[in-house]
Amino acid sequence: MNPDSLPQRPPETPPRTEPGAPRPPREAPPTDNRTVLTHVVYGLYALTFLTGFTALVGVVMAYFNREPARGTWLESHISWQIRTFWYGLLLQVIGWVTVWVLIGWFILAAATLWFVWRIAKGWIRLGHGMPIEDPYAFL
């Protein structure tokens, strides 16, 4: 068999810089203790569906993490987490109080979906190193 007749690998091409060229991979956001604690709070909020009480631990951690994060991009996440806890608690109370009228079951379901949405949105943005645009918004 002639080595010249075998298919050849194409030569390595240098990175393209013209429009439409793929971008180089984005660097991961810097990780420090405040970022790790913010991840832990989102994790504790997610675990509350299994344990029922870890959201309380998470909101306490968020309050302790609030001052060190002031003035940084993490401040929006901390505010988001604290509001998620208090709004979620309010929706759960309203749902349980009205459950005997049957509308409470719908309120509880909506509150659960809302809580999951807030955890997912915040945690994804945190993972990408992005702040929450409006931490005081309901959605």
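Is Asn-65 buried or exposed? Asn-65 is buried, with a relative accessible area of 3%, where buried means under 20% relative accessible area, exposed means over 50%, and partly exposed lies in between (1.4 Å probe, protein chains only). Before we look further, please note that this is a predicted model, in which local features need pLDDT of at least 70, side-chain atom pairs count only at pLDDT 80 or more, and totals for chains, interfaces and linings use all residues. Residues are numbered from 1 along each chain as its sequence is written, and side-chain values use heavy atoms, with hydrogens and water left out.

**The overall fold**

- The chain has four helices and zero strands; helices (H or I, at least four residues) and strands (E, at least two) are DSSP runs, numbered from the N terminus.
- Read from the N terminus on, the order of elements is α-α-α-α.
- Of the 139 residues in the chain, 30% count as buried.
- Take the contacts (heavy atoms within 4.5 Å) between residues at least 6 apart in sequence: 63% of them join residues at least 24 apart.
- About 9700 Å² of the chain is exposed, and carbon and sulfur atoms supply 70% of that area; accessible areas come from the Shrake-Rupley method with a 1.4 Å probe, and for residues, only the protein chains shown count as cover.

**The nonpolar core**

- A nonpolar core is a set of buried Ala, Val, Leu, Ile, Met, Phe, Trp, Tyr and Cys residues joined through side-chain atoms within 4.5 Å.
- The largest such core has 17 residues, and Tyr-42 and Tyr-45 touch the most other members.
- Two or more residues of this core come from each of α1 (33-51), α2 (54-69), α3 (74-97) and α4 (103-127).
- With five residues, α3 gives the most to this core.
- Leaving aside neighbours within four places in sequence, Tyr-42 has contacts that include His-77, Trp-80, Arg-118, Trp-123 and Ile-132.

**Back to Asn-65**

- Asn-65 sits in helix α2.
- Not counting residues up to four places away in sequence, Asn-65 touches Arg-34, Leu-37, Thr-38 and Ile-78.
- A polar atom of the Asn-65 side chain lies 3.4 Å from the backbone oxygen of Arg-34.

**A nonpolar patch on the surface**

- Tyr-63, Trp-86, Leu-89, Val-93 and Val-97 form a nonpolar patch on the surface, and together they have about 470 Å² of accessible area.
- Patches are made of residues with over 30% relative accessible area and no salt bridge; like charges are joined within 9 Å, and nonpolar side chains (Val, Leu, Ile, Met, Phe, Trp, Tyr) within 5 Å.
- Helix α3 supplies the largest share of the patch, four residues.
- Trp-86 lies in helix α3 and counts as partly exposed, at 43% relative accessibility.

**Salt bridges**

- A salt bridge is a side-chain nitrogen of Lys or Arg within 4 Å of a carboxyl oxygen of Asp or Glu, and by this rule the count comes to five.
- Arg-34, which we met beside Asn-65, forms a salt bridge with Asp-32, with the closest N and O atoms 2.9 Å apart.
- Both partners count as partly exposed: Arg-34 at 27% relative accessibility and Asp-32 at 29%.
- Arg-125 forms a salt bridge with Glu-133, and here the closest N and O atoms are 2.9 Å apart.
- In this pair, Arg-125 counts as buried at 17% relative accessibility, whereas Glu-133 is exposed, with a relative accessible area of 54%.
- Elsewhere, salt bridges that share partners join Glu-67, Arg-70 and Glu-75 into one network.
- Within that network, the closest N and O atoms of Arg-70 and Glu-67 are 3.2 Å apart.

**Glu-133 and its surroundings**

- Glu-133 lies in the segment after α4.
- Not counting residues up to four places away in sequence, Glu-133 touches Lys-121 and Arg-125.
- Glu-133 and Trp-80 are 53 residues apart along the chain, and their C-alpha atoms are separated by 10.0 Å.

**A backbone angle to look up**

- Most residues other than glycine have a negative phi.
- Leu-102 has a positive phi, near 75°.
- Leu-102 is placed in the loop between α3 and α4 and is exposed, with a relative accessible area of 56%.

How values were computed. Polar contact = N/O pair within 3.5 Å; in protein donor to acceptor, adjacent residues only side chain to side chain.
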